[in-house]
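Student: Please take one position in this chain and look at it closely. Then connect it to the rest of the fold, step by step.

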Amino acid sequence: QVQLVESGGGLVQPGGSLRLSCAASGSIFSSSTMGWYRQTPGNRREAIAWITGGGSPNYAGSVKGRFTISRDNAKNTVYLQMNSLKPEDTSVYYCHEWGTNHWGQGTQVTVSS
């Protein structure tokens with residue numbers, strides 16, 4: 001059973017930075033597209049960044065230029081570096097393995113002064 005565990009959330013001031021990590025169990029991680037999602041006010045999860053097994057990143061317009069997704073297959077971990085954080089980035093952030101029902105438990109990010 002694949003498990004995804006996020007960490008790195010917290011409280012940060014506007015303009016600050018955080019780095020989220022998603023540690024995955026299981027050897028299938030290296031070939032999977034992995035995504036970071038966040039909960040919207042309407043209680044759905046929107047994709048904000050995803051990275052293919054080959055390492056190609058993609059971003060939603062709302063975070064492009066501020067967030068960077070990366071992965072370390074040797075560590076079975078995907079990262080989300082978040083810079084220039086805004087109050088509207090406040091949410092619960094989840095990682096997800098595309099094509100499966102594997103989701104992490106979520107980590108809270110709060111951007112507030």
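**A loop residue and its surroundings**

Tutor: Ser 84 has a relative accessible area of 41%, which makes it partly exposed, since that class runs between the under 20% of buried residues and the over 50% of exposed ones. This value, like everything below, is computed from a predicted model. Ser 84 sits in the loop that runs between strand E8 (77-82) and E9. Its backbone deserves a note: phi of Ser 84 is near 50°, a positive value in a residue that is not glycine. Most residues other than glycine have a negative phi.

Asn 43 also has a positive phi, about 70°, and is not a glycine either. The loop that holds Asn 43 lies between strand E4 (34-39) and strand E5 (45-51). Asn 43 has 59% relative accessibility and therefore counts as exposed, the cut-off for that class being over 50%. So a positive phi occurs in a partly exposed residue, Ser 84, and in an exposed one, Asn 43.

The loop of Ser 84 leads on to E9, and that strand brings in the disulfide. A search of the whole structure returns one disulfide. The bond joins Cys 22 to Cys 95, with an S to S distance of 2.0 Å. Cys 22 belongs to strand E3 (residues 18-24) and Cys 95 to strand E9 (residues 91-97), so the link ties together parts that are 73 residues apart in sequence. The angle about the S-S bond is 60°, and the link of Cys 22 and Cys 95 is right-handed. Cys 22 is buried, at a relative accessible area of 0%. Cys 95 is buried as well, with 0%.

On the other side of E9 comes the loop between E9 and strand E10 (107-111), where Gly 104 is found. Gly 104 is in a loop and is nevertheless buried, with a relative accessible area of 10%. Leaving out residues up to four places away in sequence, Gly 104 touches Leu 4, Glu 6, Tyr 94 and Cys 95. One of these contacts, Cys 95, is a partner in the disulfide. Gly 104 and Ala 23 are 81 residues apart in sequence, with 9.1 Å from C-alpha to C-alpha.

Strand E10 holds Val 111. Val 111 is buried, at 4% relative accessible area. Its contacts, again without residues up to four places away in sequence, are Val 12, Gln 13, Pro 14, Leu 85, Lys 86, Pro 87, Asp 89 and Thr 90. Among them is Leu 85, the residue that follows Ser 84 in the numbering. Val 111 and Ser 17 are separated by 94 residues in sequence and by 9.6 Å in space, C-alpha to C-alpha.

Strand E3, which carries Cys 22, also contains Arg 19. Arg 19 is partly exposed, with a relative accessible area of 48%. With residues up to four places away in sequence not counted, Arg 19 touches Ser 7, Gly 8, Tyr 79, Leu 80 and Gln 81. The numbers of Tyr 79, Leu 80 and Gln 81 fall within strand E8 (77-82), the strand before the loop of Ser 84. Arg 19 and Ile 69 are 50 residues apart in sequence, and their C-alpha atoms are 9.7 Å apart.

These local details belong to a chain with ten strands and zero helices. Read along the sequence, the pattern is β-β-β-β-β-β-β-β-β-β. Of the contacts with a separation of 6 or more, 52% are between residues 24 or more positions apart. The radius of gyration is 13 Å, which agrees with the value near 13 Å for a compact globule of 113 residues. The C-alpha trace spans about 40 × 25 × 20 Å along its principal axes.

Burial and surface complete the account. Of the 113 residues, 42% count as buried; Cys 22, Cys 95, Gly 104 and Val 111 are among the buried ones. The accessible surface of the chain comes to about 5,600 Å², and 47% of it belongs to carbon and sulfur atoms. The chain has 9 positive and 6 negative charges, whose mean positions are 3 Å apart.

Notes
This is a predicted model: local features need pLDDT of at least 70, side-chain atom pairs count only at pLDDT 80 or more; totals for chains, interfaces and linings use all residues. Side-chain values use heavy atoms; hydrogens and water are left out. Helices (H or I, at least four residues) and strands (E, at least two) are DSSP runs, numbered from the N terminus. The radius of gyration is taken over C-alpha atoms; the globule rule is 2.2 Å times the number of residues to the power 0.38. Buried means under 20% relative accessible area, exposed over 50%, partly exposed in between (1.4 Å probe, protein chains only). Contact means heavy atoms within 4.5 Å. Accessible areas come from the Shrake-Rupley method with a 1.4 Å probe; for residues, only the protein chains shown count as cover. Lys and Arg count as positive and Asp and Glu as negative; His and the chain ends are not counted. The place of a charge is taken as NZ of Lys, CZ of Arg, CG of Asp or CD of Glu. A disulfide is a pair of cysteine sulfur atoms within 2.5 Å.
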